[in-house]
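Colleague: Can you walk me through this one? I'd like to start with the RNA side.

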Amino acid sequence: MKPRVRFAPSPTGYLHIGGARTALFNWLYARHTGGTFVLRIEDTDAARNTQEAVEVILHGLRWLGLDWDEGPTSGEGSHPSKGDYGPYFQSERGENYKRRVQELKDKGFAYEHEGAVKFRMQREPILIPDLVVGDVERKLTDREELDPDFVIVRSDGQPVFHFVNVVDDLEMKITHVIRGEDHLSNTAKHIALFRAFGVEPPKYAHIPLILNIDGTKMSKRDKGASLASYQEDGFLAEALNNYLCLLGWSPKDNTEKLSIADVVERFDLPQILRHNARFDFEKLLWLQGEYCRELSNDKFYELGLHALAKSGLDTKSLPADYVKAALETCRGKIKIFSELPAYAGFYFRDDIAYDPELAKKSFVPENKPRLQKLRDAFAAADPFTAGAIEAALKATATELGVKVGVLVHPVRLACTGNPSGPSLYHLLEVLGKEKALARIDRALVNF
RNA sequence: GACCCUAUGGUCUAGCGGUUAGGACACCUCCCUUUCACGGAGGUAGCCCGGGUUCGAUUCCCGGUAGGGUCGCCA
């Protein structure tokens, strides 16, 4: 029988990076085994469930490329979905839950208590066989000793998570439950519930959690906790997927950069690590750089335009060729698109703010005549191409008896405001002679 | 408080009874170079502690410590 796995998020308005990784591992397992990946929305908490909150989840998964075989196709009120085990919204599965509560009552496993319904939990330790952690014997805690039974239906009639989760997994014929380790302790309850229904529980695989870099729990308000923030910052889904795969799973042969297809081929539950991992933004950034450098010109242009537009830079009134050429000088230089406005903003606005530290070093009296001379050399360069610009600069440096750096830094500062950036010669060519000379003239008065 | 999981450089990890403890990110030095980035060559840095078992423990067992998780009419 082919595995059936599921990702069952609650629509809270954002998708946690740990949740995304759980979805990824489920998806990888389904794709690796030729199984089925089910998406189920756990929207029992009606108060905070909105169509937008569901869309956030669907959008996040789609961005990562984690397509689901069964589940919602949109977050609309009508809840369209695909698959034979729907509905895939818990809010629409009330009848199933009612029927299952009655079943437990009939079998003597559930009883009314102060308006709620409680499940008669066994007192003996429960063995949790886990594909990642191994066999875990879960004893009752001291509080549970006092009363091991737990509520499965609230006094307002709403069934609780532990119950609906098990009922849905059972009815959707889920074979493998791959989820965060935070659910390990509660798995005893789930196993007891499955047995009460007279069926064998699915196989469990509890995966380690993702922690902040300082080892603390990554909660909603921590930076980088929301999947959407990575897309907003201009990360590539490929890079994030790759990094997420490496957190808690290892190909065991020192490979770091793997395409998602490679991972699908190699992924399996036994290679999942047992200990929590800290989210290392720097390493993600390195992978991002790797993937960014491989981007096609068109894709780089598209993402670059988006990042510039988002920062309020006007690219529309400039010729497309100019914008394209400008962005091409940034390829292989930036790692993430959120760097772009600061890195290449000088192409798209004339009010250049000079880096104060470099200005102190570069805009000094002895450099004024040098820059003046260089300006004249540039003015004479025709055509104004990178090659001609380089030749003009080098000739001027030789004539002045200084190293090229003496001229390079002041010109770069005058034209871009930054201490570093794209290749100076290429950037000047793109900028064009007119703009370049104007910016040099403007800078000259600051000496 | 009880119960559960985990423990290799700063971080992610390979190794799982005998290794000069391997790789990657980050960091440092040098080279390349118009800056930066890339690339190349080096370098600093690690088996949590204490007991066992064993001829021999990073690797196995026990205890401690630390971190994480769970014990809700939240999910």
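Modeller: A polar contact here is a pair of N or O atoms within 3.5 Å. Keep in mind that this is a predicted model.

Colleague: OK, how far is the polar side-chain atom of Glu144 from a sugar or linking oxygen of RNA strand B?

Modeller: That distance is 3.4 Å, so the pair falls within the 3.5 Å limit. The side chain of Tyr425 also has an N or O atom 3.4 Å from a sugar or linking oxygen of the strand.

Colleague: And which residue has a polar backbone atom 3.2 Å from a base oxygen of RNA strand B?

Modeller: Leu424, through its backbone.

Colleague: Which residues come nearest to RNA strand B?

Modeller: Arg154, Lys217, Lys252, Asn254 and Lys333, out of 66 residues around the strand. Of the RNA atoms that come within 4 Å of the protein, 70% belong to sugar and phosphate.

Colleague: How do the residues of that surface divide by type?

Modeller: Into 26 charged, 21 nonpolar and 19 polar. Elements supplying at least two residues each include α5 (161-171), α10 (281-293) and α18 (424-431).

Colleague: Switching topic. Is Ser74 buried or exposed?

Modeller: Buried: its relative accessible area is 10%, and the cut-off for buried is under 20%. Ser74 sits in the loop between β3 (71-72) and β4 (81-82).

Colleague: What does Ser74 touch, leaving aside neighbours within four places in sequence?

Modeller: Glu55, Leu58, Pro80 and Phe89. A polar atom of the Ser74 side chain also lies 3.0 Å from the backbone nitrogen of Glu76.

Colleague: Last one: why is helix α6 called largely enclosed?

Modeller: Because 9 of its 10 residues, 187-196, are buried. Among them are His190, Ile191 and Phe194. Just after α6, Gly198 has a positive phi of about 80°.

Definitions and conventions
Residues numbered from 1 in each chain as written. Chains lettered and ligands numbered in written order. Heavy atoms only, no water. Helix = DSSP H or I, 4+ residues; strand = E, 2+ residues; numbered from the N terminus. Buried < 20%, exposed > 50% of the residue type's maximum accessible area, 1.4 Å probe, protein only. Polar contact = N/O pair within 3.5 Å; in protein donor to acceptor, adjacent residues only side chain to side chain. Contact = heavy atoms within 4.5 Å. Near = heavy atom within 4 Å. Nonpolar A, V, L, I, M, F, W, Y, C, P; charged D, E, K, R; others polar.
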